[in-house]
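Let's talk through how the labels on a structure are earned. Have the model open as you read.

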Amino acid sequence: MDAALIIDEVRLTPILMSDPPLLNTRGVHQPYTPRLIVEVVTRGGVTGLGETYGDTKYLETARPLAEALPGRPVTDLNGLLPLAAEVCGASRATDDRVAAGGLRGAQTADKLRLSVVSGFEVARLPQFGERAEAGLPRRFQRAQPLGAPGLGQLGDEPQTAPPVS
């Protein structure tokens, strides 16, 4: 296994985002919503970001998973869910059922764990991109990002593109 693809660190950052009180399946909600930012850093220095809902139950479920991931290969996506089931057992996060009401139905420990794991899955995707791109011929590798030399930065006054040669 390539050492650059080994998870070195996992950081969890709970935040509150502004969320206007709109009517949804659960009624009108508060003006803020909690989110959990998941950062997965490999030994190769690539950091991936993911996010999921972030109330206390989600954070309590995510912490043991974050602690269990360092030293494991970032490429083992199939092992993520069994690992979560092992280290984030139902008793850690919720009772067997937590009333959620509305069209979503009851929130079970399995649904909660799946939602938390999705943030970790997304945070591991950039490492796959870096690995795949390394083996591609130059013409298929990453294109110039927006704001490439000669085109200005996002928000600058419009400029004409350099001539194509």
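Below, questions and answers set values against definitions.

Q: How do you know which residues and atoms enter these values?
A: This is a predicted model, where local features need pLDDT of at least 70, side-chain atom pairs count only at pLDDT 80 or more, and totals for chains, interfaces and linings use all residues. Residues are numbered from 1 along each chain as its sequence is written, and side-chain values use heavy atoms, with hydrogens and water left out.

Q: Why is Glu39 called buried?
A: Buried means under 20% relative accessible area, exposed means over 50%, and partly exposed is in between (1.4 Å probe, protein chains only). Glu39 has a relative accessible area of 17%, so Glu39 counts as buried.

Q: Where does Glu39 sit, and what is it in contact with?
A: Glu39 belongs to strand S4; strands here are DSSP runs of E with at least two residues, and helices are runs of H or I with at least four, both numbered from the N terminus. Leaving aside neighbours within four places in sequence, its contacts (heavy atoms within 4.5 Å) include Glu9, Arg11, Thr13 and Leu49.

Q: What makes S4 a mostly covered strand?
A: Nine of the 11 residues in S4 (residues 32-42) are buried.

Q: How do you know that S4 pairs with S1 and with S5?
A: Two strands pair if DSSP finds at least two bridges between them. S1 (residues 7-18) and S4 run antiparallel and are joined by 11 bridges, with Thr13 opposite Ile37. S4 and S5 (residues 47-53), also antiparallel, are joined by seven bridges; there Arg35 has Tyr53 as its bridge partner. Four residues lie between S4 and S5 in their hairpin, and Gly45 in the turn has a positive phi of about 90°.

Q: What makes Glu51 and Arg35 a salt bridge?
A: A salt bridge needs a side-chain nitrogen of Lys or Arg within 4 Å of a carboxyl oxygen of Asp or Glu. For Glu51 and Arg35 the N to O distance is 2.5 Å, and the pair meets the rule. Glu51 is in strand S5 and Arg35 in strand S4, so the salt bridge ties together parts that are 16 residues apart in sequence.

Q: Which residues are linked in a network of salt bridges?
A: Glu9, Arg11 and Glu39 form that network. Between Glu9 and Arg11, the closest N and O atoms are 3.1 Å apart. Glu9, at 33% relative accessibility, is partly exposed, and so is Arg11, at 32%.

Q: Are the helix H4 partners Arg113 and Asp110 buried or partly exposed?
A: Arg113 has a relative accessible area of 11% and is therefore buried, whereas Asp110, at 47%, is partly exposed. Their side chains meet in a salt bridge at 2.3 Å, N to O. Both lie in helix H4 (residues 109-123), three residues apart, or about one turn of the helix.

Q: Why is Gln30 called exposed?
A: Gln30 has 59% relative accessibility, so it counts as exposed. This residue is in the loop between strand S3 (27-28) and S4. Its C-alpha atom is separated by 7.5 Å from that of Pro20, 10 residues apart along the chain.

Q: Why is Leu125 called partly exposed?
A: Leu125 has a relative accessible area of 46%, so it is partly exposed. Leu125 lies in helix H5 (residues 125-134).
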